[in-house]
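Please open the model in your viewer and keep the sequence panel beside it, since this tour moves from the outside of the chain to its parts.

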Amino acid sequence: MIYTNHYKSPLGNILLAGDEEGLTGLWFTDGGRYTGLGLKKDAIPRDTEYFEQTKRWLDVYFTGRDPGFVPKIHLVGSDFRNRVGEIMCQIPFGQTVTYGWIADRIARERGLEKMSAQAVGGAVGHNPICIIVPCHRVVGANGSLTGYGGGILRKKALLELEGLDMGRFSIPRKGTAL
């Protein structure tokens, strides 16, 4: 069974989804590219312990502080997408990595010479649990704030909230990232 709930954040309304194991989705409802992707129509609105944990986490996060805990999440997807999600969960609050860095790490883990940064970008871009699985902390090799399903201005706002110096990043002028 899939459950849903809602949260009002300073950056817009958020839809939460989960199953018996934990949080499976967190999307901005306005302006999000993949809001509710994969969410079944028979989802039941409900309060759960992990939704309450998620709301507490978000309350702390939106004050500009590292919450210091992670709500119970359940990554649902291919092994590759889940591994990318696990790596994103290890990016510390207030820091960024590149798509290429994640690709290199997965290549080493799998004993491969190389892994496509574009493949990583696809997995990052379809991350169903934004903010908590911090896809906003993944940037282009040239410092470009590319590809955020919730909108590039939200990505910028989240990084600013975490105290990053935005002078080292750029916003693309055109493309799918906007």
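## From the surface inwards

Begin by selecting the whole chain of this predicted model and switching on its surface: the accessible surface comes to about 9100 Å², and 51% of that area belongs to carbon and sulfur atoms. With the chain still selected, colour the residues by burial, bearing in mind that buried here means under 20% relative accessible area; of the 178 residues, 48% count as buried.

Next, pick out the charged side chains, of which 22 are positive and 18 are negative, and notice that the centres of these two sets lie 6 Å apart.

Now change to a cartoon view, where you can look for 5 helices and 6 strands, which follow one another along the sequence in the pattern β-β-β-β-α-α-β-α-α-β-α. The radius of gyration of the chain is 16 Å, close to the 16 Å that the globule rule gives for 178 residues, so the chain is as compact as a globular protein of that length. If you show the C-alpha atoms alone and turn them along the principal axes, they fill a box of roughly 45 × 35 × 30 Å.

Where should you divide the chain into domain 1 and domain 2? Select residues 3-63 for domain 1 and residues 79-168 for domain 2, giving each its own colour, and you will find their centres, taken over C-alpha atoms, separated by 20 Å. The contact between them takes 20 residues from domain 1 and 19 residues from domain 2.

Finally, display contacts across the whole chain: among those between residues at least 6 apart in sequence, 58% join residues at least 24 apart.

Terms used: Residues numbered from 1 in each chain as written. Predicted model: local features only at pLDDT ≥ 70, side-chain atom pairs only at ≥ 80, totals over all residues. Heavy atoms only, no water. Helix = DSSP H or I, 4+ residues; strand = E, 2+ residues; numbered from the N terminus. Rg over C-alpha atoms; globule rule 2.2 N^0.38 Å. Buried < 20%, exposed > 50% of the residue type's maximum accessible area, 1.4 Å probe, protein only. Contact = heavy atoms within 4.5 Å. Areas by Shrake-Rupley, 256 points an atom, 1.4 Å probe, with all protein chains shown as cover. Lys, Arg positive; Asp, Glu negative; His and termini not counted. Charge placed at Lys NZ, Arg CZ, Asp CG, Glu CD. Domains from an automatic or database assignment.
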